[in-house]
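Work through the exercises below with the sequence and the coordinates open beside you. Try each task before reading the solution that follows.

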Amino acid sequence: MTVNTVKLIVNYLLFQLGWFACVLGGNRIALATTVVILAVHLLWVGSWAREKQLLAVTFFLGCAIDSFLGNMDILQFHQGNDGRILPLWLACLWLIFATTLRHSLDWTRTHRLYGAALGIIGGPLSYYAGAQLSNVTLAEPLWQTLLLLGAIWAITIPMLQSFSQAWLNKNRRQ
């Protein structure tokens, strides 16, 4: 097994660990886990210089999407306030997801149709599983919410990978 293969596996496993820590652990555990995952990722798997734009855009885009869905009552966040503010643990998930785009999910950059298919299936499944394990409710009728989430993710993954490709191309020219 090559070092690159090991890094891809570590990237995938860190994402899975991070997903469960964020969904099950709440804000403090999510933040601590995200810091550790980012440290491992940036020191061994990836690189801040090569990934900072993709990490930032994914984080802000994801937070905007989920905040919009929350304010439209498609996602209902049950926390101490009015429930319209995106929970920190969900924001952390977007940052952890961003670490996969140039590594364990890099194949979606060169196969955008497969990335869209992953989004159609994986996006809604992730939200559904997260809702079952956390203090988030998905709007009814559930099938419409899952369909909407699938459409959003079918667009989001290829869009993020387009950004990734553009930055890779820009860096190659410099």
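The exercises go from the whole chain to single residues, and the model they use is a predicted one.

**Exercise 1. Determine how many helices and strands the protein chain has, and in which order they run.**

Begin by counting the elements: the secondary structure of the protein chain comes to six helices and two strands. Then read them from the N terminus on, which gives the order α-α-β-α-α-α-β-α.

**Exercise 2. Compare the radius of gyration of the protein chain with the value for a compact globule, and describe the extent and burial of the chain.**

For 174 residues, a compact globule would have a radius of gyration near 16 Å, and since the protein chain has 16 Å, the two values agree. Next, take the box along the principal axes, which the C-alpha atoms fill with dimensions of roughly 45 × 35 × 30 Å. Burial is the following step: 45% of the 174 residues count as buried. Finally, consider the contacts between residues at least 6 apart in sequence, of which 75% join residues at least 24 apart.

**Exercise 3. Characterise the surface and the charges of the protein chain.**

The exposed area of the protein chain is about 9200 Å², and carbon and sulfur atoms supply 69% of it. Turning to the charges, one finds 11 positive and 6 negative side chains, with the centres of the two sets lying 19 Å apart.

**Exercise 4. Check the length of helix α2 against the expected span, and find what covers its buried residues.**

Helix α2 takes in residues 48-71, that is 24 residues, which at 1.5 Å a residue should span 34 Å; the end C-alpha atoms are 32 Å apart, which agrees. Buried residues of α2 include E51, L54, L55 and T58, and, further along, I65, D66 and L69. Their cover includes the helices α1 (3-45), α3 (88-98), α5 (112-133) and α6 (142-173), together with strand β1 (75-77).

**Exercise 5. Decide whether H41, C22 and L24 are buried or exposed.**

H41 is found in helix α1, and at 1% relative accessibility it falls under the 20% cut-off and therefore counts as buried. Leaving aside neighbours within four places in sequence, H41 is in contact with N11, G46, E51, T99 and H103; of these partners, E51 is itself one of the buried residues of α2.

C22 also lies in helix α1, and its relative accessibility of 0% makes C22 buried. With the neighbours within four places again left aside, the contacts of C22 are A30, T34, W89, C92, L93 and I96. The C-alpha atoms of C22 and W153, which are 131 residues apart along the chain, are separated by 20 Å.

L24 is found in helix α1 as well, but its relative accessible area of 54% means that L24 is exposed. Its C-alpha atom is separated by 22 Å from that of T145, 121 residues apart along the chain.

**Exercise 6. Locate the cis peptide bond and the positive phi, and place the residues concerned.**

The cis peptide bond joins E140 and P141, with omega at about -5 degrees, and P141 has its place in the loop between β2 (136-138) and α6. The positive phi, about 60 degrees, belongs to D73, although this residue is not a glycine. D73 sits in the loop between α2 and β1, where a relative accessible area of 36% makes D73 partly exposed.

Methods:
Residues numbered from 1 in each chain as written. Predicted model: local features only at pLDDT ≥ 70, side-chain atom pairs only at ≥ 80, totals over all residues. Heavy atoms only, no water. Helix = DSSP H or I, 4+ residues; strand = E, 2+ residues; numbered from the N terminus. Rg over C-alpha atoms; globule rule 2.2 N^0.38 Å. Buried < 20%, exposed > 50% of the residue type's maximum accessible area, 1.4 Å probe, protein only. Contact = heavy atoms within 4.5 Å. Areas by Shrake-Rupley, 256 points an atom, 1.4 Å probe, with all protein chains shown as cover. Lys, Arg positive; Asp, Glu negative; His and termini not counted. Charge placed at Lys NZ, Arg CZ, Asp CG, Glu CD. Expected span 1.5 Å × (residues − 1).
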